[in-house]
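Thanks for coming, everyone. I have one structure for you today, and I'll walk through it piece by piece. Have a look at it first.

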Amino acid sequence: MKRFLSLLAILLILVPVVTACSDSSSTKEAEGDKVVIDFFHRWPNEPRKSFYDEKIKEFEAAHPNVKINVDAVLNDSYKEKIRVLVSNDDLPDIFTSWSDSFAMNLVSSERIMALDEIINEDTEWSGKIIESQFSGFTFDDKTYGIPFTIDGKAFFYNTKIFEEHNLKAPTTYDELIDVLDALQAAGYETPLVEGLTNGWAISHYLGTIFQRVLDPTVTATDYVDGSGEFTDPGYIRGLEIFKELTSYMGDVSTAIDHEAARNMFGNEEVPIVYMQFAEIKMVEEMGLTNIGFFDFPAIDGGKGDSKALTGAPEGWMLSKNAPKEAVEFLKFLTSEETAYDFTKTDGQLNAIKGAVDAENTSETRMAAYDIVLNASATAPWFDNAVNINIADIFMRGGQSLATGDATPEDIMKEVQAEAAKLK
């Protein structure tokens, strides 16, 4: 009898445990009824963080069978993390990606979903995406990304200062130098500013300069891993041009980042800065409205397309094993409605037809939008156009040029040695 009571006591003790496990299992099973989408982007800061958090809630409300897990880290951390995830075959279902070489490197893993069938099946959705923006996500005639944001790089200038000193936006590089000299003579010790502690900002300069100077057949070869030699003398000339421009930037530029440079322009401390159109709203919110811009001017003797615009779309990719619900989320993120709200909230231009107008953006941004749409061609960001090790040498080299610690020849010698390793 005692043994029976002991067994009964043990069973009574176990019942709550079994019941608790059962309840936990049921909860897990209920959660398991939902399709989980892992979503990864690079905007943990405002206003985009809240924008995407709200869009996630909106999508989940319309799709009660879906649960979206979101993760977000800033640029450099994002680049590193996505490389680790793709190498471990642990990519999120949907994630943001730069175009061109960054996207191509992900596609080479064979872990990215080709989207041609999806694009062709739903033309009501895909037909609203600006066709020219697909090229940076298309490799071997297959499309692996949906462009969303569009951007361009130009010199922003303070129109009031230019008017006060009877200056016009330059159309040639020699005219740009004349303008910078005139501004210095007028008392602007630093007529042009940049945050040279940011390597990517240097790469944007160099990429544009090389695009203007070099024959496109040269860059088409050099920018491909394994075929590049980087022996064309145009690279030396390009670095010399960059060195000349840094001489107008003052010592401050070697000690600040791009955000500080942008703030100096927004506060009307300097008359010119080289910026992305995505930054227009940022300086507008500082109270600066007298903004004009001009493309990087033509360089005498240059062999590239002087009308091309440096800039490239950023978009969304899907992992090869993403569920069909992730496809629907992709369409939702790139719908005209979402895109319209995005530009209204964030200020950046987007690649969806009908999603940018005078109601959700400023007159200045509309002018920038027209420049992007009417550019003869787009040249990708240099740090996405070439091998990352090559880009790093140029970026570090640009910093050393600005401080006088390296020559163009020093930089190209290092670049050529790295290019040889890739063969």
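Let me start with a question: does Thr 190 count as buried or exposed, and what is its relative accessibility? Keep in mind that this is a predicted model. Thr 190 has 15% relative accessibility, so it counts as buried, the cut-off being under 20%. It is found in the loop between α8 and β8. Leaving aside residues up to four places away in sequence, Thr 190 touches Tyr 248, Met 249, Gly 250, Val 270 and Pro 271.

Now the overall picture. The protein chain has 423 residues, and buried residues make up 50% of them. Its secondary structure comes to 19 helices and 13 strands. Along the principal axes, the C-alpha atoms fill a box of roughly 105 × 50 × 45 Å. The accessible surface is about 19,700 Å², and 50% of that belongs to carbon and sulfur atoms. Next, contacts in the chain. Take those between residues at least 6 apart in sequence: 75% of them join residues at least 24 apart.

On to charge. The protein chain carries 36 positive and 71 negative charges, and the mean positions of the two sets are 7 Å apart. Where on the surface does negative charge gather in a patch? At Asp 174, Glu 175, Asp 178, Asp 181, Glu 244 and Asp 300. Helix α8, residues 173-185, gives the most to this patch, with four residues. Glu 175 has its place in that helix. At 35% relative accessibility, Glu 175 counts as partly exposed.

Next, salt bridges. Side chains of opposite charge can pair when their charged atoms come close. The count here comes to 21 salt bridges. I'll take three of them.

One is Lys 55 with Asp 341, where the closest N and O atoms are 3.0 Å apart. Lys 55 lies in helix α2, residues 48-62, and Asp 341 in helix α15, residues 336-346, so this pair ties together parts that are 286 residues apart in sequence. Look at the two ends. Lys 55 counts as buried, at 7% relative accessibility. Asp 341 is partly exposed, with a relative accessible area of 32%.

Another is Lys 81 with Asp 71, and there the closest N and O atoms are 2.5 Å apart. Lys 81 sits in helix α3, residues 75-87, while Asp 71 sits in strand β2, residues 66-72, so the pair ties together parts 10 residues apart in sequence. Both ends count as partly exposed: Lys 81 at 33% relative accessibility, Asp 71 at 29%.

The last of my three is Arg 365 with Glu 284, at 3.0 Å from N to O. This pair links distant parts of the chain, with Arg 365 in helix α16, residues 363-374, and Glu 284 in helix α13, 81 residues apart. Arg 365 and Glu 284 are both buried. And a word on networks: salt bridges that share partners join Lys 55, Glu 58 and Asp 341 into one network.

Now helix α12, residues 258-266. Which of its residues are buried? They are His 258, Ala 261, Arg 262, Met 264, Phe 265 and Gly 266. What covers them includes β7, β8, α9, β9 and α13. That α13 also holds Glu 284, from the salt bridge with Arg 365. Just after α12, Glu 268 takes a positive phi of about 60°.

That brings me to the backbone. Most residues other than glycine have a negative phi, and most peptide bonds are trans. So here are some exceptions to look up. Asp 140 is not a glycine, yet it has a positive phi of about 50°. It lies in the loop between β4 and β5, and at 77% relative accessibility it counts as exposed. Phe 230 also has a positive phi, near 60°. Its place is in the loop between α10 and α11. Phe 230 counts as buried, with 2% relative accessibility.

One more. Where is the cis peptide bond that has an omega of about 5°? It joins Glu 46 and Pro 47. Pro 47 is found in the loop between β1 and α2. Helix α2 is where Lys 55 lies, the partner of Asp 341.

That's the tour. Over to you.

Key. Residues numbered from 1 in each chain as written. Predicted model: local features only at pLDDT ≥ 70, side-chain atom pairs only at ≥ 80, totals over all residues. Heavy atoms only, no water. Patch = residues over 30% accessible without salt bridge, like charges linked within 9 Å, V, L, I, M, F, W, Y side chains within 5 Å. Areas by Shrake-Rupley, 256 points an atom, 1.4 Å probe, with all protein chains shown as cover. Salt bridge = Lys/Arg side-chain N within 4 Å of Asp/Glu carboxyl O. Lys, Arg positive; Asp, Glu negative; His and termini not counted. Charge placed at Lys NZ, Arg CZ, Asp CG, Glu CD. Helix = DSSP H or I, 4+ residues; strand = E, 2+ residues; numbered from the N terminus. Buried < 20%, exposed > 50% of the residue type's maximum accessible area, 1.4 Å probe, protein only. Contact = heavy atoms within 4.5 Å.
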